[in-house]
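Student: Please take one part of this model and go through it closely for me. I would like to follow how its strands are put together, with each term explained as it comes up.

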Amino acid sequence: MNSRRSFIEKTFWGGLAAGTLDFWEKTAAVFDNPEKNTFPLAIATWGPNVKATAAAWEVLSKGGRALDAVEAGARIPEADPKDTSVGYGGYPDREGNVTLDACIMDEFGMAGSVSFIQNIMHPISVARRVMEKTPHVMLAGEGAYHFAISEGFPHENLLTPEAKKAWEQWLVRSEYKPIINVERHDTIGILAIDQLDRIAGACTTSGAAFKMQGRVGDSPIIGAGMFVDNEVGGAASTGLGEIVLRTLGSFLVVEEMRRGAHPQKAAETAVKRIVRKYPKQCEVAQVGFIAIDKKGRHGGFAIHPGFNYVVYQRGENKVFESASLLSK
Ligand code: SD4
């Protein structure tokens, strides 16, 4: 066994024996309080997405539909030029093109998705149109772009001067190495339950910075980047998409909840699966999941420390530091 592998296995089992189980005891007590598990509720990956959960809450608190809430939430970072992982301002691929991935799912199990779409600021809304106006689930590249234009979405340049500068700096060495949390994995996965306990989810991203042209991650793939089953709950992921794609992470989280697991425990199971299968990649790669269930309980879990998520519930918008399998 090489030393890197043995490092990760030791840390993995060490983490299991020590931190994570203790954490589970504590969070189970907090999040299982039925008085606190109320809906409506919105949850999103990453603390800076407080504005997204606030936009979702705006819809939910007025009795709106979970689907409208997650779309409204996802559109916030899509339009934010400072968010370098989503929509406008997202870091481009190796050739300098901003290419976007997004998916959405409603309470009826309907789904829509776009991948490798360019020059459209709100791929989440295009994904919704795919779901509602076509007989398909997924449109990619040029086809997705032309569909968006035919639906009235404007053609826009999404490469900001700041993102262009970062790309030019990257070109000097042209080396792609995913770095945990330093890359600002700010992809938004957002889930909501509305007052009629309908569940919906959305996920939108510019993907891995300086990726190969044409690379598509987990975010637009139903079951990988996000999954919702109205009978059970929903889950979404952020981080290195390749290891979430290979494990269909969000689907796994929802299926664990179907088998009775608390959202926190279900997210933990998916992270453990990824680390067990891809220990070497997990030394340098981050993945985090968020999850909610039908009872209004929530959870989040990551491979490494540094992941956080935001929950808007009972009128309060709160950031939670996620527990992680591996320690620093
Ligand atoms: C991807 N999962 O394309 C996305 C990246 C991500 O924050 O989460 N960035 O692999």
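Tutor: What follows starts with one sheet, looks at a strand inside it, and then turns to its surroundings. This is a predicted model, in which local features need pLDDT of at least 70 and side-chain atom pairs count only at pLDDT 80 or more, while totals for chains, interfaces and linings use all residues. Residues are numbered from 1 along each chain as its sequence is written, and side-chain values use heavy atoms, with hydrogens and water left out.

The part to look at is an open sheet of eight strands with mixed pairing, in the order β4-β3-β2-β6-β5-β1-β11-β12. Strands (E, at least two residues) and helices (H or I, at least four residues) are DSSP runs, numbered from the N terminus; two strands pair if DSSP finds at least two bridges between them. At the edges stand β4 (138–140) and β12 (316–321); each has a single partner strand, so one side of each is left without a neighbour in the sheet. From one strand to the next, the twist averages 10° (axes are lines fitted to C-alpha atoms, for helices over the stretch in contact, and angles run from 0 to 180 degrees between N-to-C directions).

Now take β5, residues 188–193. This strand is mostly covered, with six of its six residues buried (buried means under 20% relative accessible area, exposed over 50%, and partly exposed in between, with a 1.4 Å probe and protein chains only). Ile188, Ile190 and Ala192 point one way from β5, and Gly189, Leu191 and Ile193 point the other way; all are buried.

β5 has β1 and β6 beside it in the strand order. With β1 (residues 41–45), β5 pairs in the antiparallel sense over four bridges; here Leu191 in β5 is the bridge partner of Ile43. With β6, β5 again pairs in the antiparallel sense, over six bridges, and Gly189 stands opposite Cys203 in β6. β5 and β6 form a hairpin with five residues between them. In that turn, Asp197 has a positive phi of about 50°.

Further along the sheet, strand β2 (residues 99–105) and strand β3 (residues 111–118) run antiparallel and are joined by six bridges. One of the bridge pairs links Met105 to Ala111 in β3. A helix also belongs in this picture: α4 (residues 123–133) lies across β2, β3, β4 and β6 (199–205), running at about 135° to β3. Contact, for packing of this kind, means heavy atoms within 4.5 Å.

To set this part in its surroundings, look at another open sheet, this one of five strands, ordered β7-β8-β9-β10-β13 and also with mixed pairing. Its edge strands are β7 (226–229) and β13 (323–324), each of which pairs on one side only. β13 pairs with β10 (residues 298–302) in the parallel sense over two bridges, and the bridge partner of Phe301 is Ala323 in β13. Helix α9 (residues 263–277) packs on this sheet, touching β9 and β10, and its direction makes about 20° with that of β10. Helix α8 (residues 249–258) lies across β7, β8 (233–239) and β9 (287–293), at about 145° to β8.
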